[in-house]
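Colleague: I'm new to this one, and I'd love a friendly tour. Could you show it to me and take my questions as they come?

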Amino acid sequence: MARFLNASTPGAIDAAAQQLAAGQLVGMPTETVYGLAADAGNASAVRRIFEAKGRPSDHPLIVHIAPPASADAASWRAAVAPFARDLPDFASALMRAFWPGPLTLILPRRPEVAALAAGGQDTLALRCPSHPVAQSLLRAAQARGVAGVAAPSANRFGRVSPTTAAHVAEEFAALDDEVLLILDGGACPVGIESTLIDCSRGRPVLLRPGSITAAQIEAACGLAVRERDAAAPRASGTLASHYAPRATVRLMPALQLQAALDLLGADAKNMAVYARHAVRTARAVSQRRMPDDAQQAAQELFAVLRELDATGVRLIWVETPPDGLAWDGVRDRLQRAAA
Ligand code: TXA
Ligand code: MG
């Protein structure tokens, strides 16, 4: 069993920083989802992440950095300089606009750093999180010589990302308590993973939508955002099937969902419905209402999928999210959960 520490307990942050410096793993709360964190500069620690997740070692990780003492352009530039070989102006503008926060930037990597965390890419994904516990941990780790913290979402490969400390414990029940320390910082406020922008190809390319929308990126840097294409490097969060619960997820517009439920009638069982509209179902069907607000829907999405899954249902029928940029992140996660 992993070890738990409430992040507000005196000494908890220090114990977690010590754990990272010792080459072990920490369940780290961030504003998006919990990460499975290790020292990005320690190859055996990074290997532990890939092993624990069952993730192929050529799928690159995000390196998290502590916020600089002041948030001006020069300080941000200095914060990424140990990792990035180059910082295009538009990437610098994005850092100033959205860091610390739920945005990951992919930059040309200094060849001598974080090779294993980068999964062999000549680029490196960097993020400065806004969550106060993550920031304290990153600062404490930095003071112990850990310059960057590699952290994928703290779930086993292909599974639903964790948004509470209990979710992390569920995923890694088999790990010893010396190997994994979970810092409990409460439920993650954003709920879906960071927006991922590739800044290594001259113009911003959106690899994964998140709570920061493509329109916000364009407004902040003055460049059009391109969608990813076949030339984009491998990103597990961009595989067609990902974020998958055990139950089969199906996405349908409200009317179609109602018609399908009516067809099943009283035979509907072992299934759950997650919809913004109220639908009529047989009594055996558990139903959860999806919030009308995209950010609220994102915040609870993974927890709801896990809860419904835990009831042992075989099917989860979900109402297709609305069109519109604000829903891009939620729509993307649900489409992959359903693939
Ligand atoms: O919100 C988040 O980003 C969370 C928290 C913990 O920070 N982390 C997260 O990490 O979602 P992960 O490993 O689950 O997803 C990172 C994504 C993957 O799809 C990975 O393939 C992609 O980023 N990625 C990382 N480095 C990359 C690179 N150099 N080039 C292209 N894609 C990269
Ligand atoms: Mg992930």
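What follows is a short conversation about a predicted model.

Colleague: Let's start with a helix. Which residues of α7 are buried?

Modeller: Helix α7 covers residues 214-221. Seen down the axis of α7, its buried residues fall within an arc of 60 degrees, so they line one face of the helix. Among the elements covering them are α4 (89-98) and β5 (103-108). The buried residues themselves are Ala214, Ile217 and Cys221.

Colleague: Which residue just after α7 takes a positive phi?

Modeller: Look just past the end of the helix, where phi is about 75 degrees. The residue there is Gly222.

Colleague: β9 is also part of what covers α7. Which residues of β9 are buried on each side?

Modeller: Both faces of this strand are covered. On one side sit Thr195 and Ile197, and on the other are Leu196 and Asp198.

Colleague: How many bridges join β5 to β9, and do they run parallel or antiparallel?

Modeller: One place to look is Thr104, which stands opposite Leu196 in β9. β5 and β9 run parallel, and the bridges that join them number four.

Colleague: And on the β10 side, what is the bridge partner of Ile197?

Modeller: β9 and β10 (residues 205-208) run antiparallel and are joined by three bridges. They form a hairpin with six residues between them, and Gly202 in the turn has a positive phi of about 85 degrees. In β10, the partner of Ile197 is Leu206.

Colleague: Now the interior. Which element gives the largest share of the largest nonpolar core?

Modeller: That core has 56 residues, and those with the most contacts inside it include Leu94, Leu126 and Ile217. The largest share, six residues, comes from α4.

Colleague: How many residues are in the second, separate core?

Modeller: Tyr274, Ala298, Leu305 and Trp327 are included in this core. The number of residues in it is 25.

Colleague: One last puzzle: is Gln19 buried or exposed?

Modeller: Gln19 lies in helix α1 (residues 12-21). Leaving aside neighbours within four places in sequence, its contacts include Arg3, Leu25 and Leu181. Buried means under 20% relative accessible area. Gln19 has a value of 7%, so this residue is buried.

Colleague: Which residue's backbone oxygen lies 3.1 Å from a polar atom of the Gln19 side chain?

Modeller: Among the residues in contact with Gln19 are Glu178, Val179 and Leu180. The backbone oxygen at 3.1 Å belongs to Val179.

Notes
Residues are numbered from 1 along each chain as its sequence is written. Chains are lettered from A and ligands numbered from 1 in the order in which they are written. This is a predicted model: local features need pLDDT of at least 70, side-chain atom pairs count only at pLDDT 80 or more; totals for chains, interfaces and linings use all residues. Side-chain values use heavy atoms; hydrogens and water are left out. Buried means under 20% relative accessible area, exposed over 50%, partly exposed in between (1.4 Å probe, protein chains only). Helices (H or I, at least four residues) and strands (E, at least two) are DSSP runs, numbered from the N terminus. The arc is that of the directions from the helix axis to the C-beta atoms. Contact means heavy atoms within 4.5 Å. Two strands pair if DSSP finds at least two bridges between them. A nonpolar core is a set of buried Ala, Val, Leu, Ile, Met, Phe, Trp, Tyr and Cys residues joined through side-chain atoms within 4.5 Å. A polar contact is a pair of N or O atoms within 3.5 Å; within protein, one must be able to donate a hydrogen and the other to accept it, and residues adjacent in sequence count only if both atoms are side-chain atoms.
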